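Here is a friendly walk through one protein model, written for someone who will have the structure open alongside the text. Have a look at the structure first, and then read on.

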Amino acid sequence: MDKNENEILEEILSGKVISFELVVEKYQQMVFTVALGFLQNIDDAQDVTQDVFVSVYLGLRKFRGDCMLSTWIYRIAINKSLEYLRKHKKNRKKIDLDEWVMAEAIGSANNYSSKDDAFRSLVTSNTMEIFAKALETLPAKQRSAFILSKYKDLSQKEIAQVMKIGEKAVESLLQRAKKGLRKILVKYLD
């Protein structure tokens with residue numbers, strides 16, 4: 001986006017839908033990656049991505065501007081992903097490697113593909129499912145901090161802003177998440 005966030009928000013609130021399309025173009029990759037990190041299912045992540053942008057559009061009048069627009073959108077993406085998990089816990093299908101590779105190809109065409117695909121480099125094909133199961137066992141705050149750190153490569157300061165907590169709390173969440181994942185993965189891999 002060439003214009004600053006305040007100009008774009010003013011245009012959107014005055015009825016210029018084209019300005020909202022700029023917001024979607026800029027942040028849809030970020031939202032999709034966050035949703036995929038939580039949901040581990042491409043179709044679910046695409047649904048949540050759409051839902052996030054509906055919520056962003058409807059909630060723009062409530063946006064106070066006390067944080068960056070991207071931070072606010074991250075919060076919505078995390079909340080919508082966690083909400084989706086709660087609502088669809090029983091009948092969720094996990095992503096497998098073939099589906100992930102297909103998502104890369106589809107995502108490139110749809111602008112959903114993650115350029116910094118830390119998830120793929122984090123696990124190999126035979127441990128992907130184990131890692132996904134281990135990640136699901138983490139408490140929501142630990143999982144959120146871990147996903148924002150490892151999938152989106154956000155700094156602890158940025159994660160603190162998104163999660164509305166202190167940097168020390170983020171550091172603690174990340175340490176506990178890593179420790180929890182390590183413990184679970186060692187059990188699975190043995």
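## A tour from one alanine

Ala140 sits in helix 8. The model is a predicted one, and this alanine makes a handy place to start looking around. Ala140 counts as partly exposed because its relative accessible area is 32%, a value between the 20% and 50% cut-offs. Along the sequence, Ala140 and Ile78 are 62 residues apart, while in space their C-alpha atoms are 9.5 Å apart.

### The overall build

How many helices and how many strands does the protein chain have? The secondary structure comes to ten helices and zero strands. Following the protein chain along its sequence gives the pattern α-α-α-α-α-α-α-α-α-α. The protein chain has 190 residues, and 49% of them are buried.

### The second largest pocket

Ala140 and Ile78 come up again here, as both are among the residues that line the second largest pocket. This pocket has a volume of about 150 Å³. The lining is made by Arg75, Ile78, Asn79, Leu82, Ala140, Lys141, Ser144, Val162, Met163, Lys164 and Ile165. Helix 4 (69-87), helix 8 (140-150) and helix 9 (156-163) are the elements that give two or more residues to this lining. Which of the elements gives the largest share? That is helix 4, with four residues. Sorted by class, the lining holds six nonpolar, two polar and three charged residues.

### Two residues with a positive phi

Lys164, one of the pocket-lining residues, also stands out for its backbone. Its phi is positive, at about 60°, although Lys164 is not a glycine. Most residues other than glycine have a negative phi. Where does Lys164 lie? Lys164 is in the loop between helix 9 and helix 10 (167-189). With a relative accessible area of 57%, Lys164 is exposed.

Gln40 also has a positive phi, of about 55°, without being a glycine. This residue belongs to the loop between helix 2 (17-39) and helix 3. Is Gln40 buried or exposed? Gln40 counts as buried because its relative accessibility is 2%, and the cut-off for buried is under 20%.

### Salt bridges

The count of salt bridges comes to three. The table sets out each pair with its N to O distance and the relative accessibility of both partners.

| Pair | N to O distance | Relative accessibility of each partner |
|---|---|---|
| Asp51 and Lys80 | 3.7 Å | Asp51 33%, Lys80 18% |
| Arg64 and Asp66 | 2.8 Å | Arg64 63%, Asp66 56% |
| Glu83 and Lys87 | 3.4 Å | Glu83 27%, Lys87 61% |

Asp51 forms a salt bridge with Lys80. Why does this pair tie together parts that are 29 residues apart in sequence? Asp51 lies in helix 3 and Lys80 in helix 4, so the salt bridge links those parts. Asp51 counts as partly exposed, whereas Lys80 counts as buried.

The side chains of Glu83 and Lys87 form another salt bridge. Both residues are in helix 4, and they are separated by about one helical turn because they are four residues apart. Here Glu83 is partly exposed, and Lys87 is exposed.

In the pair of Arg64 and Asp66, Arg64 counts as exposed, and so does Asp66.

### A nonpolar patch on the surface

Helix 3, already met as the home of Asp51, also takes part in a surface feature. Which residues make the nonpolar surface patch? Val17, Val54, Tyr57 and Leu58 do, and the patch comes to about 390 Å². Helix 3 (residues 42-59) gives the most to this patch, with three residues.

Leu58 is a good residue to pick out in the viewer. Leu58 has its place in helix 3, and it is exposed because its relative accessible area of 63% is over the 50% cut-off.

### Bringing it together

Helix 4 is worth a second glance, since it gives the largest share of the pocket lining and holds both Glu83 and Lys87. Lys80 lies in helix 4 as well, and its partner Asp51 lies in helix 3. Helix 3 in turn gives the most to the nonpolar patch. Ala140, where the tour began, lies in helix 8, one of the elements that give two or more residues to the pocket lining.

Terms used. Residues are numbered from 1 along each chain as its sequence is written. This is a predicted model: local features need pLDDT of at least 70, side-chain atom pairs count only at pLDDT 80 or more; totals for chains, interfaces and linings use all residues. Side-chain values use heavy atoms; hydrogens and water are left out. Patches are made of residues with over 30% relative accessible area and no salt bridge: like charges are joined within 9 Å, nonpolar side chains (Val, Leu, Ile, Met, Phe, Trp, Tyr) within 5 Å. Accessible areas come from the Shrake-Rupley method with a 1.4 Å probe; for residues, only the protein chains shown count as cover. A salt bridge is a side-chain nitrogen of Lys or Arg within 4 Å of a carboxyl oxygen of Asp or Glu. Buried means under 20% relative accessible area, exposed over 50%, partly exposed in between (1.4 Å probe, protein chains only). On a 1 Å grid over the protein atoms alone, a cavity is a set of points where a 1.4 Å probe fits but cannot get out, and a pocket is an open set with protein on both sides within 12 Å along at least five of seven lines; lining residues have an atom within 4 Å of a point. Grid points are joined across faces, edges and corners, and a volume is the space filled by probe spheres set on the points. Ala, Val, Leu, Ile, Met, Phe, Trp, Tyr, Cys and Pro count as nonpolar, Asp, Glu, Lys and Arg as charged, and the others, Gly among them, as polar.
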